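Biologist: I am new to this structure and would like to go through it with you by question and answer. Could you show it to me before we begin?

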Amino acid sequence: MVFAIEEINRDPSLLPNITLGYRMFDNCVKLAVAFRAATALISGVGDTFTDYSCTGTPPVLGIVGDPGSTHSIAISRMLGLFRIPLVSYFATCSCLSDRKEFPSFFRTIPSDAFQVKAMIQIIKHYGWTWVGAIASNDDYGLYAMKTFVKELNMFGCTAFTEILPHNNDRSEVRKIIRTIEKSTAKVIVIFSTEAYLIPLADEIVRQKLKARQWIASEAWTAAPVFHTKELLPYLGGTIGIAIRRGEIPGLKDFLLQIRPMYDPYNNLINRFWEKMFDCKFPEKTNNQSSSDLVSSRICTGSEDIESTQTAYTDVSELRASYTVYKAVYALAHSLHDLMSCESGKGPFENNSCADITRVQPWQLLHYLKRVNFTTQYGDRVSFDENGDALAIYDVMNWQRADDGSVKIETIGLFDESAPAGQELTLQEDKIFWNFASNIPPRSVCSESCLPGTRKAARKGEPLCCFDCIPCADGEISNHTDSYECVKCPPDFWSNPRRDQCVLKDIEFLSYEEPLGISLTTISLFGSCVSAAVLAVFIYYRNTPVVKANNSELSFLLLLSLILCFLCSLLFIGQPLHLTCMLRHVVFGISFVLCISCILVKTIVVIMAFKATLPDNNVMKWFGAAQQRGTVFVFTVIQAVICIIWLTVAPPLPFKNNKYQNSKIIFECNVGSITGFSCLLGYIGLLASVCFLLAFLARNLPDNFNEAKFITFSMLIFCAVWIAFIPAYVSSPGKYSDAVEIFAILASSFGLLIAIFAPKCYIILLRPEKNTKKALMGRAAPQK
């Protein structure tokens, strides 16, 4: 500050013909002392007043300081009443940005609100969502941590928050260390001044607490007290936010001009000299014992300070000093602007200007709000509407020095005025990570949920702590950390990884699959056997066995059986509009034609037996024409049922999602349940009547024993179709079609074998029995 004031006083272009004066007080890091010093400055205690009208210039126009946020809050409340500017160079509490409460407060260091933004940008950059926070028990630490936690909770979670004790209580510090050890958070942010943090740093060394990534606030990032060999293994790799470094040309030469002073009111320089050169001044040895005199070296005041290498003479890292420099220049430029006011164009009443000889603090305050200049280092100095400086920070990293101690390196920059998304720039290749892998640590409560899973919060834990639950069947999540799984569209299903919807497999009874091939083969085999039997009957149509069994009805029955075998092929293959309509129509008409032929044959058997009785000529009423007519009528009735069914609600192809969500069952919807029931019911009615008549005729003489075979065939037929109903209802998808085909084939083979196998046996293997004599012989009545 002294250097800046003397530099300004030598500058002819800034405040010409004006000499700035100053008075300095030490706050002793105590609020009461700081408050008393501020009061003394504005009241002019110790000054001699000649103007008792209080119309002259006040003792001070502005104050540079205080560095502490708590002190600045208290002092600013008082100075604000008198509109006396207070320009702090180190108070960063965001609470001081409240213009209503602190109308005359300014600062050349950015507010903690911007520091927190810089930290949040770094944390976001590395994906750290599980972070611990520690703060000193003062306004600086508490306000900063409050703002940090609020910002962090927008995308992450706070693993823990701890307050450093006021009195450096070791038990409290150990408690904080235990909290850090128990936590899974690898990244810890500390908002604290040096004094609060030293006990924690000492305890970290005692407990050998490693494998943590520390984020430092600007108050301790560049503090030399921590740059020791002992702390490197534990605090090495720390990433910190630091005040923008500046250059002050000529400052080092000014510092090296210091010499001891014998001022009874200021012994600070002498104490510094004794500490620097480990000596004592003579006037201080009067009260010392002879042994102390022998051991003490006498300070001469001519020691060479230029040969020392200490933090005092190191001007390579001017950070807080640079903000002091800017604070002094801000007040000087404000006063210069006040002097430069043109009469009649002033900002005060009646466009008046302030009188430099009688200037008041509130007048200087007006110009300080609008000050705008650039330092020799190229930094622009101005204040926003809250009295805050432009937010520019250096990002620092604690690395190993050649002697094994800590050195800090600039690894990046945070500039709030940069375009959105470009505020933070990092030179990542220069960062030292204090981990065995030398890569950034992972600090998350729970690892990200991969696509195919969703987040499920753990009860009683922060939102960052969750479990990853796989999506249910038919649901997907196609990005990381999904909170919900999305259902696939109706024709789609989730893939095995549950991260993509894929078209469902369409399932139907295909000709290419083993089941379809088997049923097709059996169906063709059955139709070929029926055709072969028909060929045999046609070839041997003039033999007694064929004639005796009503050859015309037998031919028609065999043709209907061929149709029954072939109709099963309509149930195989992809359902089409035509095949859906034909499959049950052909099935219903074929089986009605088949059962009608058997029913008529049964009636013929019974009629023939009746005709052999005396005085009974019934056969003339049921000749060949009547038999054909009866079969035709029975078949037409089924055809009419089918026509009505197809007209009202025909079967259509249908994609069924009920049975299997992962597949589309491509089947034929029967349309009208009533129509389908009527079709099956009519077949069942004819079969029941046929079975009943055949059962009643089973004991007729052997030459009419076809009734026994019909009874057996109808028994097989009814058994198959009765068993078919529950099997069909309970079979899903393509297997319902397979069950129906099986019932068709089983009943068709039952009829074919039961009725025609005995006859083919006689025709082909026992031709000697295929004679009229043999048949008549068998017809002889038994006694």
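Biologist: Which cysteine has the closest sulfur to that of cysteine 564?

Modeller: A disulfide is taken here as a pair of cysteine sulfur atoms within 2.5 Å. The sulfur of cysteine 564, a residue that is buried at a relative accessible area of 0% (buried means under 20%, exposed over 50% and partly exposed in between, with a 1.4 Å probe and protein chains only), is too far for a bond, because 4.9 Å separates this sulfur from the closest one, which belongs to cysteine 594.

Biologist: What kind of model is this, and how are its residues numbered?

Modeller: Side-chain values use heavy atoms, with hydrogens and water left out, and residues are numbered from 1 along each chain as its sequence is written. Local features need pLDDT of at least 70 and side-chain atom pairs count only at pLDDT 80 or more, while totals for chains, interfaces and linings use all residues, since the model is predicted.

Biologist: How far is the sulfur of cysteine 678 from the closest cysteine sulfur?

Modeller: Cysteine 678 is partly exposed, at 39% relative accessibility. The closest cysteine sulfur is in cysteine 642, and this is too far for a bond because the distance is 10 Å.

Biologist: How many disulfides does the rule give?

Modeller: One of them joins cysteine 93 to cysteine 95, with the sulfur atoms 2.4 Å apart, and this link is right-handed, with 130° about the S-S bond. Both ends are buried, cysteine 93 at 0% and cysteine 95 at 14%. By the rule, the count of disulfides is nine.

Biologist: What is the handedness of the disulfide between cysteine 449 and cysteine 468?

Modeller: The sulfur atoms of this pair are 2.1 Å apart. Cysteine 449 lies in the loop between β13 (424-426) and β14 (453-457) and cysteine 468 in strand β15 (residues 466-470), so the disulfide ties together parts 19 residues apart in sequence (strands are DSSP runs of E, at least two residues, and helices are runs of H or I, at least four, numbered from the N terminus). Cysteine 449 is buried at 0%, whereas cysteine 468 is partly exposed at 34%. Because the torsion about the S-S bond is about -95°, the disulfide is left-handed.

Biologist: Which element gives the most residues to the largest nonpolar core?

Modeller: A nonpolar core is a set of buried Ala, Val, Leu, Ile, Met, Phe, Trp, Tyr and Cys residues joined through side-chain atoms within 4.5 Å, and the largest has 66 residues, with Phe587 and Trp721 among those with the most contacts inside it. The elements giving two or more residues to this core include α14 (514-539), α17 (577-611) and α21 (734-765). With 14 residues, the one that gives the most is α21.

Biologist: At what angle do helix α1 and helix α12 pack?

Modeller: Two packed helices are described by the angle between their axes and the distance between the axes. Here the axes are lines fitted to C-alpha atoms over the stretch in contact, with angles from 0 to 180 degrees between N-to-C directions. Helix α1 (residues 2-10) and helix α12 (residues 320-339) have axes 9 Å apart, and their packing angle is about 35°.
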